[in-house]
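Please open the structure in a viewer and keep the selection tool at hand. The tour below proceeds from one selection to the next and states what is found at each stop.

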Amino acid sequence: MHVAIIGCGQLARMMALAGWPMGIRFSFLANPDENIDCVEGLGTVVRGQDGLEGAELYQALGCPDLITVEREQVDTSLLVSLQPSCPVYPQPEAIQVCQHRGREKATLEKLGIPIAPYRLADSAETLKAAVDDLGYPVFIKSCEEGYDGQNQWRLTTPDQLSALLAERDSWPAMVVEAKVSFEREVSIIAAQSADGSQVCYPVTENAHKSGILIRSQAPAPNLTPALEQQAQQIVQRLLGHWGYVGVLTVECFVVGDQLVVNELAPRVHNSGHWTQGAGVCSQFENHLRAICGLGLGNTQPLQNAGMLNLLGVMPPASIAASGELQLHVYNKQIRPRRKVGHLNLQDQDALRLSQRLNALEECVYSDTTI
Ligand code: AMP
C-alpha cells in the first residue's frame with residue numbers, strides 16, 4: 001500500500017511513523033517553500049509548483065493507492081483534480097467546509113449542532129455592526145488562515161474596537177463570535193471507514209495558552225456520561241453527513257450540561273497526540289486504517305493519558321531522559337510558540353496525572369512565556 005500525504009508537517013511525520021510498521025509506503029507533497037525536515041527519511045517528497053495537478057501530480061507522487069491531507073490550508077481544487085486517479089480522504093468537500101469558519105458554522109447550524117452566537121463581517125462597517133449586535137467581550141476571527149490564535153482578536157471595550165479598525169483599510173471575511181463562558185474545553189476524535197464503521201476516543205480535556213493548545217488529558221476528568229454521549233452524537237452526525245472517511249476532530253466548550261462546538265478539524269489533531277500511549281490504537285494508525293479500509297483499532301485507554309506540547313522549547317535533559325514519559329520531537333527548528341514536539345505520559349489515577357502535568361508544565365516553561 002502506498003499513501004501520499006498532502007503536507008510535510010509533524011502530523012504527516014507521525015502518520016508515516018504509524019504507517020511504516022504496517023508496511024505502508026509514503027510520499028509527500030510540499031508547498032514550494034515548505035520546510036520538509038519533519039518527514040525527512042520517511043518517503044519521497046514532491047515540491048508543488050504552479051500547474052502541477054491532476055494526473056501529472058499523481059504520477060509525480062509515485063501513483064499512490066490513496067491520498068490524504070495533514071494540513072488545514074490546502075487547495076481543494078487540487079484535491080478534486082486528483083480524485084479521478086485514486087481516492088482522496090477525507091473528502092475535499094469536508095475539507096473545504098472546515099477551512100472556512102463561515103462555511104463551517106453554516107454547516108453546524110444546518111445540522112442543529114450548538115455553536116456560539118455569531119455574525120459574518122468583511123468590512124469595517126459590518127465588523128462594527130456585528131460587535132454592536134453581539135456586545136462585549138467578543139472574538140473576531142478571520143474565516144481563513146486562522147489557527148493557533150492567529151488572525152484572531154478578543155475585544156473587551158469599544159476603544160479596542162476603534163484601535164483595531166484604525167489598523168487596516170481592508171478586511172478579510174471574518175466571523176464575529178460572542179464570548180462563551182465555558183467551564184472547560186474538550187475535544188472528541190473519531191474515525192470512520194468507507195464501509196461506515198466508526199470508533200470514538202474518549203473525550204479529551206484541553207488547556208490553551210494565548211490561543212494555542214498546551215496540554216490535554218484523556219479521558220476528560222469527571223465528565224458526565226451525558227456530555228460524553230453528546231460529544232459522540234455530534235461527531236457521529238458530522239461523519240454521517242459527509243460520509244466521511246478518516247479521522248475527524250470536534251473541539252467544544254463545556255457550558256453546564258451542554259457542549260458548544262468551537263471548531264472542526266478534518267484530520268488527526270494535536271489534542272489526540274496522547275493516543276500514541278495508554279494502550280490504544282493511535283489516532284494516526286486509526287486514520288490510516290480508516291482510509292485504507294482496514295479494521296479500526298481499540299480507542300479505550302488502559303490508563304489516564306496526558307500530553308504536554310513543547311511550544312518553542314525543548315525539555316530539560318532530566319525530563320527528556322525520564323523513562324516515565326515519552327518524548328516526541330518533530331525535527332523542527334525552535335522558534336517562539338512553534339510546536340516542536342510533545343511529551344506523553346500515563347497514570348492509573350486521573351488526579352495524579354493532572355498534578356504530574358502541572359509539574360511538568362511548570363518545569364518545561366520555567367524560562368519561557370507563551
Ligand atoms: P480557536 O482558534 O477558535 O480554536 O480559538 C482559540 C482559543 O480561543 C479557544 O481554544 C478558546 O480558548 C478561545 N476562544 C475562541 N473562541 C471563543 C469564544 N467564542 N468564547 C470564549 N473563548 C473562545
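Begin with strands S5 and S8, which pair in the antiparallel sense over four bridges; two strands count as paired if DSSP finds at least two bridges between them. Strands (E, at least two residues) and helices (H or I, at least four) are DSSP runs numbered from the N terminus. The model is a predicted one, in which local features need pLDDT of at least 70 and side-chain atom pairs count only at pLDDT 80 or more, while totals for chains, interfaces and linings use all residues. Residues are numbered from 1 along each chain as its sequence is written, and side-chain values use heavy atoms, with hydrogens and water left out.

**First stop: the antiparallel sheet**

Within the pair just selected, Arg119 stands opposite Val176 in S8. Next, add strand S6 (residues 138–142), which pairs with S8 (residues 174–178) in the antiparallel sense over five bridges. Two positions may be marked here: Phe139 has Glu177 of S8 as its bridge partner, and Lys141 has Val175 of S8.

Now display the whole sheet. It is open, with four antiparallel strands in the order S5-S8-S6-S7. S5 (118–121) and S7 (152–155) are the edge strands; each has a single partner strand, so one side of each is left without a neighbour in the sheet. On average, neighbouring strands are turned by 20° against each other, direction ignored. Such angles run from 0 to 180 degrees between N-to-C directions, with axes fitted as lines to C-alpha atoms, for helices over the stretch in contact (heavy atoms within 4.5 Å).

Is S8 mostly covered or mostly uncovered? Five of its five residues are buried, that is, under 20% relative accessible area with a 1.4 Å probe and protein chains only. Met174, Val176 and Ala178 lie on one side of S8, and Val175 and Glu177 on the other. Finally, select helix H6 (residues 124–134), which lies across S5, S6 and S8 and runs at about 15° to S8.

**Second stop: the parallel sheet**

Move to the open sheet of four parallel strands in the order S3-S2-S1-S4. At its edges stand S3 (44–47) and S4 (66–69), each with a single partner strand, so one side of each is left without a neighbour in the sheet. Neighbouring strands here are turned by 25° against each other on average, direction ignored.

Select S1 (residues 2–6), which pairs with S4 in the parallel sense over four bridges; Ile5 stands opposite Thr68 in S4. Helix H1 (residues 10–19) packs on this sheet, touching S1, S2 (25–30) and S4, and its direction makes about 170° with that of S2. Helix H9 (residues 283–292) also touches S1, S2 and S4, with its direction at about 140° to that of S4.

S1 also pairs with S2 in the parallel sense, over five bridges, and Ile6 has Leu29 of S2 as its bridge partner. Both faces of S1 are covered: His2, Ala4 and Ile6 are buried on one side, and Val3 and Ile5 on the other.

**Last stop: a pocket**

Which residues are the closest to the centre of the second largest pocket? Select Leu29, Asn31, Gly48, Asp75 and Leu78, out of the 17 residues that line this pocket.

Terms used
On a 1 Å grid over the protein atoms alone, a cavity is a set of points where a 1.4 Å probe fits but cannot get out, and a pocket is an open set with protein on both sides within 12 Å along at least five of seven lines; lining residues have an atom within 4 Å of a point. Buried means under 20% relative accessible area, exposed over 50%, partly exposed in between (1.4 Å probe, protein chains only).
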